[in-house]
Amino acid sequence: MQDALRQFKADIFQALANPTRVAIVELLRDRGETPVTHIQDALRIEQANVSQHLSVLRSKNIVLARKEGNQVFYHLRDPILGKVLDILKQYFHQHVKEAMATLRQMSPPKEVIRK
């Protein structure tokens, strides 16, 4: 059971291992159900590119699609994934904060003497 859970987690992170897919998930988290054309416009990427990324997210059950007429609307399968991204943002900020503190503790480099 632990192996299956670890594989599930790895699959989710693998699907999110692309900045554009993360941007799509963040967009859907913030806007809720959104037509694919709005995703394309908001992220300024080609329709074919959006479709490829949405296909990956659909294959991992991260997003769900609903067709209405000739438009396809996408939404997050579970809003908790948006919270996971928020936690990762906090983790990032903490990492940067620690790196900045380390840099402040370091002495400035000595001037290079030019002749």
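**View 1. Proline 35 meets its partner in strand 3.** In this close-up, proline 35 has phenylalanine 73 of strand 3 as its bridge partner. Just beside that pair, threonine 34 stands opposite tyrosine 74, also in strand 3. Two bridges join strand 1 to strand 3 (residues 71-76), and the two run antiparallel. Strands count as paired here if DSSP finds at least two bridges between them. The strands themselves are DSSP runs of E with at least two residues, while helices are runs of H or I with at least four residues, and both are numbered from the N terminus. A quick note before you go on: this is a predicted model, where local features need pLDDT of at least 70 and side-chain atom pairs count only at pLDDT 80 or more, while totals for chains, interfaces and linings use all residues. Residues are numbered from 1 along each chain as its sequence is written, and side-chain values use heavy atoms, with hydrogens and water left out.

**View 2. The whole sheet and its hairpin.** In what order do the three strands sit in the open sheet? They go 1-3-2, with antiparallel pairing. Strand 1 (34-35) and strand 2 (63-68) are the edge strands, since each pairs on one side only. Strand 2 and strand 3 pair over six bridges, again in the antiparallel sense. Valine 63 is matched with leucine 76 of strand 3, and arginine 66 has phenylalanine 73 as its bridge partner there. Follow the chain from strand 2 to strand 3 and you go round a hairpin with two residues between the strands. Glycine 69 sits in that turn, with a positive phi of about 65°. A handy rule for looking at any such picture: in a regular strand the side chains alternate between the two faces of the sheet.

**View 3. Helices against the sheet.** Helix 2 (residues 19-31) lies across strand 1, strand 2 and strand 3, running at about 90° to strand 3. Helix 4 (residues 47-59) packs on the sheet too, touching strand 2 and strand 3, and its direction makes about 115° with that of strand 2. Touching, or contact, means heavy atoms within 4.5 Å. For the angles, axes are lines fitted to C-alpha atoms (for helices, over the stretch in contact), and values run from 0 to 180 degrees between N-to-C directions. Look for alanine 23 in helix 2. Its C-alpha atom is separated by 30 Å from that of glutamine 2, which is 21 residues away along the chain.

**View 4. Arginine 66 and its two acidic partners.** A salt bridge here is a side-chain nitrogen of Lys or Arg within 4 Å of a carboxyl oxygen of Asp or Glu, and by this rule the count comes to five. Arginine 66 meets glutamate 33 in one of them (2.7 Å, N to O). That pair links distant parts of the chain: arginine 66 is in strand 2 and glutamate 33 in the loop between helix 2 and strand 1, 33 residues apart. Arginine 66 also forms a salt bridge with glutamate 68, with 2.6 Å between the closest N and O atoms. Are these side chains buried or exposed? Arginine 66 is partly exposed at 31% relative accessible area, and so is glutamate 68 at 46%. The cut-offs are under 20% for buried, over 50% for exposed, and partly exposed in between (1.4 Å probe, protein chains only).

**View 5. A linked set of charges around arginine 29.** Arginine 29 and aspartate 30 meet through their side chains in a salt bridge (2.8 Å, N to O). Aspartate 30 is exposed, at 56% relative accessible area, whereas arginine 29 is partly exposed at 28%.
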